[in-house]
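User: Please give me a close look at one part of this model, and then place that part in the wider structure.

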Amino acid sequence: MGRFPRPSGPRLLYTLCNSNRKTTPSQSPAAAAVLRGTFQFRDFSAGSAARAKEDKEPWWKDSMEKLRNIGISAHIDSGKTTLTERVLYYTGRIHEIHEVRGRDGVGAKMDSMDLEREKGITIQSAATYCTWNGYQINIIDTPGHVDFTIEVERALRVLDGAILVLCSVGGVQSQSITVDRQMRRYEVPRLAFINKLDRMGADPWKVLNQARSKLRHYSAAMQVPIGLEDDFKGLVDLVQLKAYYFHGSNGEKVVAEEIPAEMEDLVAEKRRELIETVSEVDDKLAEKFLNEEPISSTDLEEAVRRATVARKFIPVFMGSAFKNKGVQPLLDGVLNYLPCPVEVSNYALDQTRNEEKVTLAGTPDGPLVALAFKLEEGRFGQLTYLRIYEGVIRKGDFIINVNTGKKVKVPRLVRMHSNEMEDIQEAHAGQIVAVFGVDCASGDTFTDGSVRYTMTSMNVPEPVMSLAVQPVSKDSGGQFSKALNRFQKEDPTFRVGLDAESGQTIISGMGELHLEVYVERIRREYKVDATVGKPRVNFRETVTQRAEFDYLHKKQTGGQGQYGRVCGYIEPLPPGSATKFEFENLIVGQAIPSNFIPAIEKGFKEAANSGSLIGHPVENIRICLTDGASHAVDSSELAFKLAAIYAFRKCYTAARPVILEPVMLVELKVPTEFQGTVAGDINKRKGVIVGNDQEGDDSVITAQVPLNNMFGYSTSLRSMTQGKGEFTMEYREHLPVSHDVQMQLVNNYKGTKEVE
């Protein structure tokens, strides 16, 4: 660093560093911060606070206004990670560009997991930060697959703005609609970026119209491309009325020139369209437009910013991240049009006042309020990502987890750059940081103890698919359960359960890819091979008619033998009975001594645990004991219990048993154009449609479908509806299966029995 220069700026830092003779510049976090060019120094003296009051400029005003928290979201393969890679390169955070599926095998910076680099997809959202024109930008790159939708959900929950990337060929696709819905849910102002203008068939105007019709975006283009496909050379900025070309090996030299003469008419038309669109949602611009006053580029820029921050307008930028064109103007757009943390209103729930809503000022002056929005298991223990909404957090501070009431110390505070970390001493409101060694759950709120606020948690979708999973070797059970516990803590949409009946470990998630990735991660990160299968469906058996039993259990060996006789009948319970199993003793007199009756009931219950058709429990039966016989010496509890078990098995087939299968109530929400295909598929799965309603552009279908036919349904529904359909299902009742299904199940059961 060299010698510490005498600062010409605020005296407070110099006093801070000089007041303690032992402090060298490298030891002083504040000094280091100034030398690094960041803005995290604070002045804690009372005098300077008074000075700040006089100046009416709080110490944090400049740094907060020069801060942006943005997320990059889109459909699969629209170019999110490639765009982030270019942003990091142009802002100087990385010094060479690597492609997502590059031949060099390095992979993009934000795809830090081996699995991500192999598959060429983003699985976990990754955070980073960079500096552009003196502004700090925190960026979260999110996955595009619907299976990892929680990553997008929790990123948007904590961001102030977002970039929605659209492919100029694919246009508005299914996941674009989902992501846009999530942005609306969290009220995030956004820009749209039409990527891949260099591809064959690129048509940005078609995509812009799709965004207006399908996403109901109120938007207009901020730029006009100079040429398309292979002829794509640069962009015309409609606000500044300048043509930009991108020279240099990686497009790092941006050259501003005059607009090409042949494009002047198109540019004038598109600029007028932009002004008209914005003036409809911004009164100041509308006034000038109606009075036919000249509208300067500054007027237009300010109007676009006001409308975008108010979420009334979405500016549309264009370019090709892969060909290094249009990324720098997009970064300027982020600074010019997306809000800083102070301009976004966030509210918390005050736990001391019955969860009353409290609007947070969002300034570092207030009490600390931070939300843990993502957990990751790092090399040094649990890494917790925090978004600070108010106040300041320092290394070594004690903070309180409002949800659990625990007081914890912040042992280490870092800023993330994909999977790399940079230690920092403190961070203030508006920033996204990570802490080590703090035990908490995703969605917990931390404060400094002066207030008891909680932030509203994220919307967590219900899992749509389950698999049975078990480790190949018995020895690796410990590592296997450790892996499942960790993944469950990190990802709220990944659930683990134990099926009490079959003893299988069941994992549930958002789709086949989601669960496949976790099984693969268990193999790689924990060295545990696991087998995956279809979960066992919990069938039941029942009887349909009355059947008599009369069974004598007699066994004579040397000494005391076994003797017990039971007579009676079994019959089905009437529909709607509260109990699934009833035992009645109708014996008059002492044919069987009363102390043996509980043993007989126990025997029948045990026999009913496994029916003879497919070995599943027998339900809805009543067993009546009418007669029997006992022996003074040889009768015992065991003898009568065995007599009951054999009596049940003997008369069970005479009672015409049937198999019951679980039937689910399925609710589907699909765009109306796919209604016929989806309904046909439900019929194919032996489902019964019980309701069909219209909700906007969507059809809501209610059906009852056997669970056994619903395995892998999420994948087929997505392929039938181009990924736009969604469904939920819940258990309704057990109903008898058809005769052919019963025969098939019985034969399968016999086959497995013979193998055993």
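At what angle do helix H12 and helix H13 pack, and how far apart are their axes?

Analyst: This is a predicted model, in which local features need pLDDT of at least 70 and side-chain atom pairs count only at pLDDT 80 or more, while totals for chains, interfaces and linings use all residues. Residues are numbered from 1 along each chain as its sequence is written, and side-chain values use heavy atoms, with hydrogens and water left out.

Helix H12 (residues 297-309) packs against helix H13 (residues 327-337) at an angle of about 75 degrees, and their axes are 9 Å apart. Helices here are DSSP runs of H or I with at least four residues, strands are E runs of at least two, and both are numbered from the N terminus. Axes are lines fitted to C-alpha atoms, for helices over the stretch in contact, and angles run from 0 to 180 degrees between N-to-C directions. H12 and H13 are therefore roughly perpendicular to each other, on a scale where angles under 35 degrees count as roughly parallel, over 145 as roughly antiparallel, 65 to 115 as roughly perpendicular and the rest as oblique. On the H12 side, Glu301, Val304, Arg305, Thr308 and Val309 meet Leu335, Asn336 and Tyr337 of H13, where contact means heavy atoms within 4.5 Å. By class, the contact of H12 with H13 has four nonpolar, two polar and two charged residues; Ala, Val, Leu, Ile, Met, Phe, Trp, Tyr, Cys and Pro count as nonpolar, Asp, Glu, Lys and Arg as charged, and the others, Gly among them, as polar.

H12 also packs with helix H11 (residues 283-290), here at an angle of about 140 degrees and with the axes 9 Å apart. That angle makes H11 oblique to H12. The residues that meet are Lys284, Leu285 and Lys288 in H11 and Asp299, Leu300, Ala303 and Arg306 in H12, and they divide into three nonpolar, no polar and four charged.

Beyond H12 in the chain, Phe313 lies in the loop between H12 and strand S11 (314-318). With a relative accessibility of 1%, Phe313 counts as buried; buried means under 20% relative accessible area, exposed over 50% and partly exposed in between, with a 1.4 Å probe and protein chains only. Leaving aside neighbours within four places in sequence, the contacts of Phe313 include Val304, Ala307 and Thr308, and also Arg190, Tyr218, Met222 and Leu274. Val304 and Thr308 are also among the H12 residues that meet H13. The C-alpha atoms of Phe313 and Pro189 are separated by 8.6 Å, although these two residues are 124 residues apart along the chain.

Helix H10 (residues 264-279) holds a charged residue with little accessibility, Lys270, which at 12% relative accessibility counts as buried. Apart from neighbours within four places in sequence, Lys270 is in contact with Trp205, Val224 and Leu238.

Elsewhere, helix H7 (residues 149-158) is mostly covered, with 10 of its 10 residues buried, among them Glu151, Glu153, Arg154 and Arg157. The C-alpha atom of Thr149 is 9.8 Å from that of Ile123, 26 residues away along the chain. Ile123 belongs to the loop between helix H6 (114-119) and strand S2 (126-132) and counts as buried at 4% relative accessibility.

Further along the chain, an open sheet of four strands runs in the order S26-S27-S25-S28 with antiparallel pairing, where two strands pair if DSSP finds at least two bridges between them. Strand S26 (495-498) and strand S28 (530-533) stand at the edges with a single partner strand each, so one side of each is left without a neighbour in the sheet. The twist averages 35 degrees from one strand to the next. Strand S25 (residues 465-471) pairs with strand S27 (residues 505-509) over five bridges in the antiparallel sense, and Val469 has Thr505 in S27 as its bridge partner. Helix H15 (residues 512-526) packs on this sheet, touching S25, S27 and S28, and its direction makes about 130 degrees with that of S27.

For the wider setting, the protein has 20 helices and 37 strands, and 53% of its 756 residues count as buried. Of the contacts with a separation of 6 or more, 71% involve residues 24 or more positions apart.
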